[in-house]
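Visitor: I'm new to this one, and I'd love a close look at just one part of it. Could you take a small sheet and walk me through how its strands are joined?

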Amino acid sequence: MNDSILTQYTKLKNKGLNIDITRGKPESTQLDLSNTLLNSNVQALSDSGVDLRNYGEPYGLDEARSLGAEILNAPKENIIAAEQSSLLLTYQTFLSCFLFGFETPWKNLKSRKFICPVPGFDRHFKIFEDFDIEVIPVPLYEDGIEIDSFKDALNKHDDILGMLSVPRHSNPSGETFSDENILDLFKYGKAYSKDFLFIFDNAYLVHDFLPTREQTPIWVLSEKSKCTDTTVIATSFSKVTFGGGGLSFVASGTRGIELLKRIRTSMIICPDKINQQRHLNFLPNLNAIKNHMKKHADIVKPKFELIYKYLDKLPNNYGSYSKPTGGYFVSYKFSKPIASTIVKNCSDLGVEITPADALFPKGKNPNNILRIAPTYIDLESLNNAMQVFNLATTKAFEET
Ligand code: PMP
């Protein structure tokens, strides 16, 4: 270690930091924005006269489905307003395909493959593992999925069942797909198979903190491509109100929504309508949601700007990154396979960062990308964390 790095290293080590930037969780100040929900009174009957306390409305309160229709730009009949999380709806989609499928249950197939951008979201990879689905990785670039790689994958394999992606502020690298890109995905996927399933996890649909490229709603693009039957779009309020305590929505065409209803009928008699009503009182329409999300953006944006300031200081030959305009993550791609060394260096200085393994399907980690999740901690801690990140990176590069 050279003297200057050693001095800085000792100085930071002596601070005795204990900072966790492993997961994309909101800071408590963001959660406070929704505290009204904690004390809100809900009447027994909804506006349309449904008794919220009882079973019934298996696809969600009518008013909640209308809100989902407004958010996802799809007809109300094609919406399920559900509970808990979008991950659950995504999982239920896979489960229903596995057990029933459009025509053949996936469990009866000799092999199962799915296209998924990599690096990606660890819970998506977990779903693939659970259903013994091989991930066919495709890279992302600023406009979305690299179409040549997508076409290559389709040409090479005859057992691909669909694709799963995060089309807006993707996790972890922050891309927002262009309309052209999404239309191309529909075009080539549909030509490959009439049952090709397009799953869009729109967890960050309303989470812009800087001006973001125009994106036509996925439903509209899917309709234009005549793919709604095989398109599933999920989103939730986990990062609008409370993690796992909001409500979730899914939009799909008749075939897709019937599949979901089928599996959900076996496991859920009805969603939590009281929480749905509470949310409807608090966020009755898209405009209210957008205004609420501006308050989140005010808290989140300075944290991202701070990260950009630090990452811009790293020499160009260390690697590169792009600047997301929304979502919860920034990822840095190193020019050398030294991500695990940097994670170790950070940990030694008291900063826990997501291991690179989490961003890749099992066994496919090239060890050259790390994700920074800045939202959970305050600006002062983030400043310390970024000093550590930059020093840990410099040390790793100096020593290899
Ligand atoms: N999808 C993606 C891409 C995410 O990054 C996250 C949260 N990290 C989720 C889903 C989880 O959202 P939910 O609670 O709605 O499942």
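Guide: Sure, and one term comes first: two strands count as a pair if DSSP finds at least two bridges between them. Also keep in mind that this is a predicted model.

Now to the sheet. Three strands make it up, in the order 11-12-14, and the sheet is open. The pairing between them is antiparallel. Strand 11, residues 319-321, is one edge, and strand 14, residues 369-372, is the other. Each of these edge strands has a pairing on one side only. As for the twist, neighbouring strands in this sheet are turned against each other by 20 degrees on average, if you ignore direction.

A bit of background helps here. Strands in a sheet pair through backbone hydrogen bonds, and they can do so in a parallel or an antiparallel way.

Let's start from the strand 11 edge. Strand 12 covers residues 330-334, and three bridges tie strand 11 to it. That satisfies the rule of at least two bridges. The two strands run antiparallel, and you can follow this in the numbering. Ser320 has Lys333 in strand 12 as its bridge partner. Go on to Tyr321, and the partner in strand 12 is Tyr332. So as the number goes up in one strand, from Ser320 to Tyr321, the partner's number goes down in the other, from Lys333 to Tyr332, just as you'd expect from strands that run antiparallel.

Next, cross over to the other edge. Strand 12 is joined to strand 14 by four bridges, and this pair runs antiparallel too. For one partnership to look for in the structure, find Ser331: its bridge partner in strand 14 is Arg371.

That leaves strand 12 itself, which sits between strand 11 and strand 14 in the sheet order. Is strand 12 mostly enclosed or mostly open? Of its five residues, four are buried, so the strand is largely enclosed by the rest of the structure. Buried has a plain cut-off here: 20 or more other C-beta atoms lie within 10 Å of the residue's own.

One last tip for viewing strands in general: in a regular strand, the side chains alternate between the two faces of the sheet.

Notes: Residues are numbered from 1 along each chain as its sequence is written. This is a predicted model: local features need pLDDT of at least 70, side-chain atom pairs count only at pLDDT 80 or more; totals for chains, interfaces and linings use all residues. Axes are lines fitted to C-alpha atoms, for helices over the stretch in contact, and angles run from 0 to 180 degrees between N-to-C directions. A residue is buried if 20 or more other C-beta atoms lie within 10 Å of its own, exposed if 12 or fewer, and partly exposed in between; C-beta atoms are placed from the backbone.
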